[in-house]
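Open the model in your viewer and follow the stops below in order. Each stop says what to select and what is found there.

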Amino acid sequence: MNARTAPGWAEANQRWLVAEMASLRRRVEARLRGDAVPPAVATPWDGEAPPGLDRVAALFGLSTFERELLLLAAGVEIDRGLRTLLPAPLTFSLAMSLLEAPHWDALSPLAPLRRWRLVGLDGAHGPVHAPLASDERVLHALTGVAAIDRRLEGVVRTAGPTPAAD
């Protein structure tokens, strides 16, 4: 087994992701109250392979804002405290008001979040006010859950366990 698939990595990734979401929740809560927003502090990681969120952010070249937006979208799916904290469904407009270093080009169809469908937009609304959702396959990658993308069934097959890295 390599470090990415080792059982210890998945557990460490889960703990790390919970800490990252708790940090994000504190910052969002402060912003919503109008308080001073505590600075984002990187959650320590001591694993060999990077945590899922950092791996996805590096792979797709996400900006700090795009990384935080992806974390927020995932948090709305899996963190009840974060979901109930938001005054409305998560939209790009709401994310722009809650997260640090927002930039409009993150919403571009050519930017990584939309180009690679890391987040989805409800097509019934304009892109700025459309509810955002984390794509299921991305959510699995962030949480460290091994899952096959159902859209690839019949197109690809799994190769089996990866040999240990030397």
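Start with Val 56, which lies in helix α2; helices (H or I, at least four residues) and strands (E, at least two) are DSSP runs, numbered from the N terminus. The model is a predicted one, in which local features need pLDDT of at least 70, side-chain atom pairs count only at pLDDT 80 or more, and totals for chains, interfaces and linings use all residues. Residues are numbered from 1 along each chain as its sequence is written, and side-chain values use heavy atoms, with hydrogens and water left out.

**Stop 1: Val 56 and its partners**

Val 56 has a relative accessibility of 10% and so counts as buried. Buried means under 20% relative accessible area, exposed over 50%, and partly exposed in between (1.4 Å probe, protein chains only). Select Leu 70, Ala 141 and Leu 142 next: Val 56 is in contact with these three, leaving aside its neighbours within four places in sequence. Contact means heavy atoms within 4.5 Å. Between the C-alpha atoms of Val 56 and Leu 142 the separation is 7.5 Å, although their positions lie 86 residues apart along the chain.

**Stop 2: the nonpolar core**

Move to Leu 70. Not counting residues up to four places away in sequence, Leu 70 touches Leu 53, Val 56, Leu 62, Leu 113, Leu 118, Val 119, Val 138 and Leu 142. Which members of the largest nonpolar core touch the most other members? They are Leu 69, Leu 70, Leu 90 and Phe 92, out of 35 residues. At least two residues of this core come from each of α1 (7-33), α2 (52-60), α3 (64-78), α5 (92-98) and α7 (136-143). Helix α3 gives the largest share, 8 residues. A nonpolar core is a set of buried Ala, Val, Leu, Ile, Met, Phe, Trp, Tyr and Cys residues joined through side-chain atoms within 4.5 Å.

**Stop 3: salt bridges**

The whole structure holds 9 salt bridges, each being a side-chain nitrogen of Lys or Arg within 4 Å of a carboxyl oxygen of Asp or Glu. Select Glu 20 and Arg 67, whose side chains meet in one of them (3.1 Å, N to O). Because Glu 20 lies in helix α1 and Arg 67 in helix α3, this pair ties together parts that are 47 residues apart in sequence. Glu 20 is buried at 6% relative accessibility, and Arg 67 is buried with a relative accessible area of 16%.

Now select Arg 25 and Asp 79, another salt bridge (2.3 Å, N to O). Arg 25 is in helix α1 and Asp 79 in the loop between α3 and α4 (80-85), so the pair ties together parts 54 residues apart in sequence. Arg 25 counts as partly exposed at 26% relative accessibility, whereas Asp 79 is buried, with a relative accessible area of 12%.

Then go to Glu 100 and Arg 31, where the closest N and O atoms of the salt bridge are 2.1 Å apart. Glu 100 sits in the loop between α5 and α6 (112-115) and Arg 31 in helix α1, 69 residues apart. Glu 100 is partly exposed at 45% relative accessibility, and Arg 31 is partly exposed with a relative accessible area of 28%. To see a network, select Glu 20, Arg 27, Asp 54, Arg 67 and Glu 68, which are joined by salt bridges that share partners.

**Stop 4: the second largest pocket**

Keep Glu 20, Arg 67 and Glu 68 selected and add Ala 40 and Ala 42: of the 14 residues lining the second largest pocket, these five lie nearest its centre. On a 1 Å grid over the protein atoms alone, a pocket is an open set of points with protein on both sides within 12 Å along at least five of seven lines, a cavity is a set of points where a 1.4 Å probe fits but cannot get out, and lining residues have an atom within 4 Å of a point. Helix α1 supplies the largest share of this pocket's lining, 4 residues.

**Stop 5: a cavity**

For the last selection, take Leu 24, Arg 27, Val 37, Glu 68, Leu 98, Leu 99 and Glu 100, which line the largest cavity.
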